[in-house]
Amino acid sequence: MESVWAKQPARFGFLYFCVSFCLLFYGLSCFGQSTIENNIYSGGKEDERKPEAIRGRLEYLETNKVQSVDSSLLQCVKLKDDTHLALKLDGDVVIGGLFPLHFVAPKSHHSYRNKPKMSACSGFDNKAFRWMMTMVFAVEEINSRSDLLPGVKLGYRITDCCDSIHTGLNALFSLISVSEVVTTQLDSPTCLSDSPIPAIIGLASSSPSRAAAQTLGSFNTPLVSYFSTCTCLNDEQTYPSFLRTVPSDFFQVEGLVQLVTFFGWFWVGAIGTTDDYSRYGIQEFSNQFRLQGGCVEYHLTIPPSPAASDIQKMADIVQSSTAQVVVVFSNEGQLLELFSFLAQQNVTGLQWIASEAWVTASFLTSPHFHHLLEGTLGFSFPGIKIPGLEEFLLNVRPSPKPGMELINMFWEEQFGCKIQFDRGVLKDVGTDTLDDSRPVCTGSEDLSLTSSSYTDLSQVSIFYNVYKAVFAIAHALHALLDCKTEGPNKGTCDTQSPFTSKRLLYELKKVNFTNQFEERVYFNSNGEPAPLYDIINWQKNSEGGISFAKVGSYDGSASLGKQLEINQSHILWTKGKSQVPTSQCSAPCPPGSRQATRPGEPLCCFDCLPCADGEISNQTGSTECIKCPEFFWSDPDKVKCVAGVEEFLSFTETMGIILVTLTLLGVILTIIITAIFHHFRTTPIVKANNSEISFLLLLSLKLCFLCSLVFVGQPSAWTCMFRQAAFGISFVICLSCLLVKTIVVLLAFRANVPGPKSLRMFGPSQQRTLIFCTTAPQICLCTGWLWGAPPFPFRNPTYQALKGRIVLECKEPWPPGFYLVLGYIGLLAFVCLLLAFLGRKLPDTFNEAKFITFSMLIFIAVWISFIPAYVSSPGKFSVAVEIFAILASSFGLLLCIFVPKCYIILLHPERNIKKGMTGKYNRSTYHLYM
């Protein structure tokens, strides 16, 4: 490996910087613990460090006879002169600065056959130059103070990093590489650090910062960024020496999610670039936004050098999208082409949400972008107007002195002229026709009369971060050098021994002071400050331009719910409107409905379905309906639960009135028949029908009619217990009487031995005994049923889902009791039917058995039909079915048994004689029956 490096040094131009870096730290304690990576930055991945490579490089140094330095001697190093322009100031401690003075980096073309040539960057950034001059101002302010680093002069070496990875690394190595080592014993040392650049302030973008931080971290050289916000830089294992004076994007993303959801925007688009800042920011925003129920309709990534077709395609997506809110994580330089194309297409109505990287981009506020970007809302770092800075920036002048080339470049860009020096003096006449057609700068141009992002000091956030970074390093040096501000040694610092970058990094992490603006400056465990942001709104001012108005703030360290503060009345939205714009795939579902996601579409695209009966949603945008508690029901609008309507068969409703009317009709008809029979009780037809049994039968029918009234009305404890027992016993008495009448008829006309003997064997006493014996089992059954498991009132919610009503009914804890009662009634009815059927061919003049047969057929048909109808009828209708069965069977018995007799009694009295009752049978038999 040694021979290859020796023979082909040009082929390894990139490793030349690494070798120089090793020489810089050779002999220090930190050298044994860290090495330079073979590949500084390749796709965000880190190669393993190999000790063999280190040894090979050291052998290469020895082969080339690089003179070693006695570590016991204080040493100064001369910074290497190279093609990188740098703004310089010598000092006891020199800190580095990396600023993106150009935002368009050249494309690198490496043949690996010769040393790469430096290509010039393009697109001068006045704002970045202002940041650089702020660092110069801060250093000069520190040097003029007696209470901070007394007796120690702070210097700087600042260069352009062009806002890209490869140019940033080139600038970094040119900043810290060594061209000559001088070994001298200094009586009054002026080099206090073992490294020419013990700390660096930079860079602005996250991707270059990652590459630089990963390199410097191996040597514990502090890198303090003023604008790199990627959360990825919080990895202390990969970037151990990285600090920043801006909070990471983790807090900005949290704030942006809260901002977007605060205004009810859950359907947005996202635009980013290929760098780490954008990639990590968009990814984290999307994740947190989804947790809050939001959806990202599209995510566009702007390539580093987009073609016209790429811009056209992205613009078409933005214009055709239904998302009216677009969240953009990028810097202003990478957005220029897309925004220019959208502005040319006269795109309006979009609400832009800006990250801090471009929310104060002045060149995007030109009139060309007004209709597109007016109303933009975003986060910015809080800034403070620094006394004396504005005058300092406006007093910048070109100079022929070495190290002033960057200022001269700025002057040419600002005034569009060409600087030429003649013996240290600017030429003030003519033009340089050899180089270009620009006029020659006179040096008398006035910056205060220009209007650019350099002279616009309305937004001071970033250069305030630069200012804090310089003072943080100064305070760390103050503590490291043990500077005294009080006591007998006041105004002195320990300058007898050099310090290491590692010690400076240790002190820098402990920095904690309050600056002149009453702000506490410190670094937390992640190497960043407190997460504070201003919320900026792009508003048109009275002069027709765009101004950045503060409309709120965000404090990521505050408790949840108190982090975001917005003065909504001060916000002007897109097109200058004061009404909050909407951005939604589907309108929020109104109360009383819920969201139903469309298959294959994002969660934010949904249909609204009304809540089911018994469920409510009382908020707009509900994803689920809430089921009402038991015995409660949803109102017609499905927005609140109301007590369920209690339903029962009442006396006031139509069905109840009809049934009660039929009941009363049956009772009245029974009373009339009873009165007729009582009035004509001495007539043959009444006597022939056994008047005592007939009156008992009429009484039982009257009870059957009346018991149906107990089923109507709100159930109570006594009605639930009484109604089934009254029904069962009444019908058993009725059927017992019919059974006796049927037996008497059969005995009277079918006895084998006609005469009084057979009838006397079944006389009145035997008839009463039979009635009692057939009724007693039903009485015992009902008594036991009511004693053991009595029915009770019950609020049945079964039918609530169908009708929203709660049925009040009598619950039977022992259902077999009811069916046993009904079964016993059916048994008696069947016996009566069987006996009556046997006597169906009695003489036409005396057809009692035939009428009993008809009545039993009706009775049995009604109750057979009753069972399926009762079981299948819902709620109060089951009660109505039972009442109807009672009334139908009662009317069947009453009409079939007694109406024919009343017909003869009232309309054909001539047939109500003994002769009409005897027919062809023996007269003596009839008289015995009478």
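These are my notebook entries on the cysteines and disulfides of a predicted model.

Entry 1, overall count. I looked up how many disulfides the structure holds, and the number is 10. I then went through some of the cysteines one by one.

Entry 2, C295 and C604. I found a disulfide between C295 and C604, with 2.2 Å between the sulfur atoms. I took the cut-off of 2.5 Å for a pair of cysteine sulfur atoms, so this pair counts. Where do C295 and C604 lie? I placed C295 in strand β12, which covers residues 295–302, and C604 in the loop between β23 (593–597) and β24 (606–610). The two are 309 residues apart in sequence, so the bond ties together parts of the chain with that separation. I noted 90° about the S-S bond, and the link of C295 and C604 is right-handed. I also checked accessibility, and both C295 and C604 are buried.

Entry 3, C483 and C493. I read an S to S distance of 1.9 Å for the disulfide that joins C483 to C493. The link of C483 and C493 is right-handed, with 115° about the S-S bond. I located both ends in the loop between α14 (461–480) and α15 (501–509), 10 residues apart. Are C483 and C493 buried or exposed? I found both of them buried.

Entry 4, C585 and C605. I recorded a disulfide here too, the sulfur atoms of C585 and C605 being 1.9 Å apart. The torsion about the S-S bond of C585 and C605 is about 105°, so I logged this disulfide as right-handed. I placed C585 in the loop between β22 (564–566) and β23, and C605 in the loop between β23 and β24, with their positions 20 residues apart in the chain. For accessibility I treated the two ends separately. C585 has a relative accessible area of 24%, so I put it down as partly exposed. C605 has a relative accessible area of 3%, so I put it down as buried.

Entry 5, C707. I looked for a partner of C707 and found that C707 is in no disulfide. The nearest cysteine sulfur is that of C704, and I read its distance as 5.7 Å. A disulfide requires the sulfur atoms to be within 2.5 Å, so I did not count a bond at that distance. I have C707 as buried, because its relative accessible area is 3%.

Entry 6, C773. I looked up only the accessibility of this cysteine. C773 has a relative accessible area of 45%, so I listed it as partly exposed.

Key: Residues are numbered from 1 along each chain as its sequence is written. This is a predicted model: local features need pLDDT of at least 70, side-chain atom pairs count only at pLDDT 80 or more; totals for chains, interfaces and linings use all residues. Side-chain values use heavy atoms; hydrogens and water are left out. Helices (H or I, at least four residues) and strands (E, at least two) are DSSP runs, numbered from the N terminus. Buried means under 20% relative accessible area, exposed over 50%, partly exposed in between (1.4 Å probe, protein chains only).
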